[in-house]
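Visitor: I am new to this structure. Please take me for a close look at its nonpolar core.

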Amino acid sequence: MIPSGETERLVLRPLALGDAPQIQELFPHWEIVRYLLKVVPWPYPADGAEQFIRDRALPAMERGDMWAWTLRLKTEPDRIIGALDLRRGEEDNRGFWLGLAWQGQGLMSEACAWANDFWFETLGFQVLRVAKAVANTASRRISEKHGMRLVGMIEKAYVSGRLPSEIWEMTAEEWRAWKALGARP
């Protein structure tokens with residue numbers, strides 16, 4: 001069972017099939033999807049959120065290969081503003097998106113700090129890796145802010161095409177050192 005979470009401004013609730021209508025309304029915007037992996041269909045189908053949750057996310061969550069949450073403001077806990085997931089793998093363990101109206105407010109950085117803590121302290125993994133398009137500067141800033149290191153360059157297929165990509169990494173020890181400096185997950 002995947003627990004809910006909380007940060008200073010956010011509530012993180014485990015992704016559920018009933019979330020599909022809100023996600024379907026919020027998610028399919030070019031500015032949100034362009035740097036997501038090519039597995040996201042574009043143009044986004046009218047039932048894309050339901051298909052993703054039902055056919056991909058929930059089975060992966062049940063297998064213990066993925067942990068996924070919707071993001072909600074504490075002031076509006078019934079309204080989804082984005083999503084974040086953690087997943088097993090060697091190259092890319094975290095993904096997220098945030099609705100356009102809530103970008104640039106530090107909300108995703110707050111959610112990622114919570115997720116990093118969950119990855120290391122609850123799940124017990126020793127390394128967190130994230131891949132991102134070089135052009136995705138907002139995502140890079142989150143990795144830099146949390147003390148991650150750039151460890152490699154590759155090319156990946158995104159909704160917007162094949163792009164140079166960075167691999168960022170952090171160990172459990174580095175995460176704990178980051179928190180010890182006074183940062184809060």
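Visitor: To set the scene, which pattern does the protein follow when read along the sequence? Then please go on to the core.

Guide: This is a predicted model. Read from start to end, the pattern is β-β-α-α-α-β-β-β-α-β-α-β-β-α. That makes six helices and eight strands. The radius of gyration is 16 Å, close to the 16 Å that the globule rule gives for 185 residues, so the protein is as compact as a globular protein of that length. Along its principal axes, the C-alpha trace spans about 45 × 35 × 35 Å.

Now go inside. Buried residues make up 48% of the 185 residues. In soluble globular proteins, nonpolar side chains tend to be buried together. Here, the largest nonpolar core has 52 residues. Those with the most contacts inside this core are Ile 23, Phe 27, Trp 69, Leu 71, Ile 81, Leu 84 and Met 108. Helix α4, residues 107-122, gives the most to the core: ten residues.

Pause at Phe 27. Set aside its neighbours within four places in sequence. Phe 27 is then in contact with Ile 32, Val 33, Leu 36, Val 40, Tyr 44 and Trp 97.

Step back to the whole chain. Take the contacts with a separation of 6 or more: residues 24 or more positions apart account for 63% of them.

Finish on the outside. The accessible surface comes to about 9100 Å², and carbon and sulfur atoms hold 53% of that surface. The protein has 24 positive and 25 negative charges, and their mean positions are 3 Å apart.

Note on methods. Residues are numbered from 1 along each chain as its sequence is written. This is a predicted model: local features need pLDDT of at least 70, side-chain atom pairs count only at pLDDT 80 or more; totals for chains, interfaces and linings use all residues. Side-chain values use heavy atoms; hydrogens and water are left out. A nonpolar core is a set of buried Ala, Val, Leu, Ile, Met, Phe, Trp, Tyr and Cys residues joined through side-chain atoms within 4.5 Å. Buried means under 20% relative accessible area, exposed over 50%, partly exposed in between (1.4 Å probe, protein chains only). Helices (H or I, at least four residues) and strands (E, at least two) are DSSP runs, numbered from the N terminus. Contact means heavy atoms within 4.5 Å. The radius of gyration is taken over C-alpha atoms; the globule rule is 2.2 Å times the number of residues to the power 0.38. Accessible areas come from the Shrake-Rupley method with a 1.4 Å probe; for residues, only the protein chains shown count as cover. Lys and Arg count as positive and Asp and Glu as negative; His and the chain ends are not counted. The place of a charge is taken as NZ of Lys, CZ of Arg, CG of Asp or CD of Glu.
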